[in-house]
Amino acid sequence: MPLSPVLTRRWLSPRSWSLDTYQQLEGYAALRKALAMHPDEIIQLVKDSGLRGRGGAGFPTGMKWGFIPQGDGKPHYLVVNADEGEPGTCRDAPLMTADPHALVEGIVIASYAVRCNEAFVYLRGELVHALRRVQNAVREAYAAGYLGRDILGSGFDLDLVVHAGAGAYICGEETALLDSLEGYRGQPRLRPPFPATHGLYSEPTVVNNVGTIASVPPIVLGGAAWWKRMGPERSPGTSIYSLSGRIVRPGQYEAPMGTTLRELLELAGGVRPGHRLKFWTPGGSSTPMFTADHLDVPLDFDSVAGAGSLLGTSALMIFDDTDCVVRATLKWTQFYEHESCGKCTPCREGTYWMVRILERLESGEGTDADLDVLLDTCDNIFGRAFCALGDGATSPIVSSIKYFRDEYIAHRTNGGCPFAGSRRLVGAHG
Ligand SMILES: Cc1cc2nc3c(=O)[nH]c(=O)nc-3n(C[C@H](O)[C@H](O)[C@H](O)COP(=O)(O)O)c2cc1C
Ligand code: SF4
């Protein structure tokens, strides 16, 4: 399976982040083309392309744009979700650092399509390099007439605000993000109403991921049929797969949707020599883990779901035979306990207790009953929590017990971690 650089194709060019380089490599050509189209034509084009949101849920982008009520006389907003806090996920930050104008151009086109005159990028403030690059690109775009009043003489106006968030995982959840952007503490809102009708400042709002919006200029230039030629019918296009962990060449690999881990490992030099693949996440820590039995699952939204997990953010964290699955699960659960916003009881209390039980199990002091209590707690969180953070917190636990129950038990019979002494890998940040 070859690499298919579409979103990543400029990343290795000299000063790839500058307007000069961007313009030399077809930059803003899609905007010129889009501004000559009717906004509804652009929405239809994105619908026809089958583009699905890259933020995790894979929601069809054209359909989301089509939900924005037209002719309602209200301000419309576009908010780009650049919070990227999911453990293992490292795709939007490199994109914004290497090619920030791709995001800016996508924002102008998307805003024109949904009749929005004020757009926002909500960017995790600790991603300082990405923040500076995006801020600089916005300045350059204003100076060149790609932002501001009467863009390229089209009569279309757009202001773009880059907002640095303080770094809370929950602020990546779209409604918590909107609360945070409005200046409140970031906590999810009750839905319905959905952001399409009551979003930022209670006005119609589109929230899209960085990768989703950056996919729009190539689709405008290449057309829906070209985009659909890559990947499966229901998950077309390319994906930037982020490979991290126990592999020879970690990094970003852009390939058609539906590429398998076996193919990606060939590109990435494989699992480090002398070791074998043990477990991996297809899309970040909140997606149920896979094992070596899943090497040939096509990594697109539907195939991964069919195999019992989620594509999420296509963040593949790879662990080998020296890694303790109980410890990895403990570290991820500590992350969820820390990041739980506290709004609802199942997640606030459940993540606290799950960490206590996992600590016991990892240190070899757990009991057989602990595994049942853990699963029961997950059962009481999943589907009952106020937002998807709670559901995600159960994924590592349920899937690790499903595939590695023996390893949990071995911690008790061994009186501690059987992997103690080996170098441990913790696939969490935040
Ligand atoms: C706890 C939590 C964190 C999330 N973090 C992000 C994030 O960092 N970036 C992102 O694009 N979507 C994130 N999402 C998903 C968003 O709520 C939303 O679905 C997404 O921004 C929509 O964009 P898309 O349609 O382009 O995928 C998160 C969801 C949850 C529940
Ligand atoms: S599931 Fe509940 S407590 Fe957890 S982050 Fe969502 S709203 Fe907050």
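1. A residue counts as near a molecule when one of its heavy atoms lies within 4 Å of it. By that yardstick 18 residues surround ligand 1, and Gly55, Lys64, Glu84, Asn209 and Thr212 come nearest.

2. A word on the ground rules. This is a predicted model, in which local features need pLDDT of at least 70 and side-chain atom pairs count only at pLDDT 80 or more, while totals for chains, interfaces and linings use all residues. Residues are numbered from 1 along each chain as its sequence is written, chains are lettered from A and ligands numbered from 1 in the order in which they are written, and side-chain values use heavy atoms, with hydrogens and water left out.

3. You may like to look at the polar contacts of the ligand (pairs of N or O atoms within 3.5 Å; within protein, one must be able to donate a hydrogen and the other to accept it, and residues adjacent in sequence count only if both atoms are side-chain atoms). Lys64 places a polar side-chain atom 2.8 Å from an oxygen atom of ligand 1. For the side chain of Asn209, an N or O atom is 2.8 Å from a ligand oxygen, and for that of Asn81 the distance is 3.0 Å. On its own, ligand 1 has 620 Å² of accessible area (Shrake-Rupley method, 1.4 Å probe; for residues, only the protein chains shown count as cover), and the protein covers 88% of this.

4. Which elements give two or more residues to the shell around ligand 1? They are β4 (205-209) and α17 (388-414), with β4 giving the largest share, three residues. Helices (H or I, at least four residues) and strands (E, at least two) are DSSP runs, numbered from the N terminus.

5. Elsewhere, five strands form an open, mixed sheet in the order β6-β5-β9-β7-β8; two strands pair if DSSP finds at least two bridges between them. β6 (251-256) and β8 (290-291) stand at the edges with a single partner strand each, so one side of each has no neighbour in the sheet. Strands β5 (residues 238-245) and β9 (residues 315-320) run parallel, joined by four bridges; Gly245 stands opposite Ile318 in β9.

6. Please check some backbone geometry too. Most residues other than glycine have a negative phi, and most peptide bonds are trans. The bond from Arg191 to Pro192 is cis, with omega near -5°, and another cis bond joins Pro192 and Pro193, with omega about 5°. Pro193 lies in the loop between α8 and β4. Leu152, not a glycine, has a positive phi of about 50°.
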